[in-house]
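Let's walk through this structure together, beginning with the ligand and then stepping back to the chain around it. Keep the 3D view open as you read.

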Amino acid sequence: MAGHMKAAIFTKYGPPQVLVVQERAMPVPSPTEVLVKVHCGSVTTADVLLRSNDVPWLFWLPMRLMLGFFKMKHEILGNEFAGEVVSIGKSVTRFKPGDIVCGRASFGSNAQYRTLGENSIMRKLPTLDHMTKSALFSFGGMTALQTLRDIGNLRGGERVLVIGAGGACGTMAVQIAGLLGAHVTGVCSKGKKELVLALGADEVIDYASEDYTLSDRTYDVIFDAVGNRPASASWQVLAEGGRYLSLSLSARDFLWSLISKLNSNKRHYFGTSKPNQTDYDILCDWFLDGKINPIVDKVFPLSQIARAHSYVQTGRKTGNVGLEMEHTHD
Ligand SMILES: NC(=O)c1ccc[n+]([C@@H]2O[C@H](COP(=O)([O-])OP(=O)(O)OC[C@H]3O[C@@H](n4cnc5c(N)ncnc54)[C@H](OP(=O)(O)O)[C@@H]3O)[C@@H](O)[C@H]2O)c1
């Protein structure tokens, strides 16, 4: 094993080009850590948001205080990974060298190797099969599961509208809402219609030819993974007692979540993703059982990290973007 590795290094907030591939010393696991040789990572909309720090004014200062004022506190982005345990600290019992694993951690996965505490969010995989997809189910999956189930309190038989049904969160929301027993309507562009139906949506609306806010149908839950229109615009298609779940931070929707409480029994909430092992296990079981399918749009090599970020930043991808770690020297 070489003493150095390659990683996508985040130098400062800015456009995709602030990301450069550099060599770093191979991390060494502490007695309670494992060293994972990462085969596949991902580039998500969260990575794009962190790198650009392009957030609404209301959230700008809290984000900078949390993540670093001029430069991020973490120099390597990437929150999902799949790979192989190559060495372990002397106290580690949960994993052994040779284990194939996938996992979720806030930062550090856009690198050829990474260390993690043995109690980090990880799962052993039975085989090397589906290595790429196993790195790509948790970002959208955790967000969709926790937002629909915990915040939206989605119940079987309810009607849910998924706006942005063709993206990372949307493709998972369609599948998970179906698993929770809901009737699912997806909103996406024409080119993604067949995919969204194949993922289990009962109906699909092409947003270019139909305005869902003018429909005479109502929905118990609206899962908005786009955020290009205010939540208030969809209020008339939200059923009595309905829940509007926004994934995008917006000062306008924040005010609406307060105002709407005064004169209606419909509620606006912001979505969330608080990764934990229990929900990761649920998602991983669903993935291994073939109940959820993480959609792979493109896989970029690590050396093209800036291109991967530019592509994700378009806001038009289909499902997920993977990052292949280009292990060539070891
Ligand atoms: N709150 C949280 O914890 C949390 C967690 C994860 C993500 N997020 C946020 O959630 C949002 C979605 O994330 P993501 O990773 O799913 O994004 P994504 O993968 O880029 O997906 C966005 C999807 O929206 C579709 N779209 C664009 N305009 C649309 C429109 N007018 N109507 C319907 N669909 C439209 C795009 O394709 P088409 O136009 O071709 O259909 C694309 O498939 C981002 O703003 C992200 O920052 C928040």
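**Around the ligand**

The residues of the shell around the ligand split into nine nonpolar, 13 polar and three charged. Here Ala, Val, Leu, Ile, Met, Phe, Trp, Tyr, Cys and Pro count as nonpolar, Asp, Glu, Lys and Arg as charged, and the others, Gly among them, as polar. Bear in mind that this is a predicted model, where local features need pLDDT of at least 70 and side-chain atom pairs count only at pLDDT 80 or more, while totals for chains, interfaces and linings use all residues. Residues are numbered from 1 along each chain as its sequence is written, and side-chain values use heavy atoms, with hydrogens and water left out.

In total, 25 residues surround the ligand (a heavy atom within 4 Å of it). The closest are Thr45, Ser189, Lys192, Tyr207 and Lys317.

Now look at polar contacts, meaning pairs of N or O atoms within 3.5 Å. A ligand oxygen sits 2.6 Å from a side-chain N or O atom of Lys317. For Gly167, a polar backbone atom is 3.2 Å from an oxygen of the ligand. The protein covers 85% of the 920 Å² of accessible area that the ligand has on its own (Shrake-Rupley method, 1.4 Å probe).

Zoom out a bit, and the chain divides into domain 1 (4-136 + 294-324) and domain 2 (139-270), with bounds from an automatic or database domain assignment. The contact (heavy atoms within 4.5 Å) takes 17 residues from domain 1 and 16 residues from domain 2. So where does the ligand fit in? Both domains give residues to its shell, so the ligand lies between them.

Key: A polar contact is a pair of N or O atoms within 3.5 Å; within protein, one must be able to donate a hydrogen and the other to accept it, and residues adjacent in sequence count only if both atoms are side-chain atoms.
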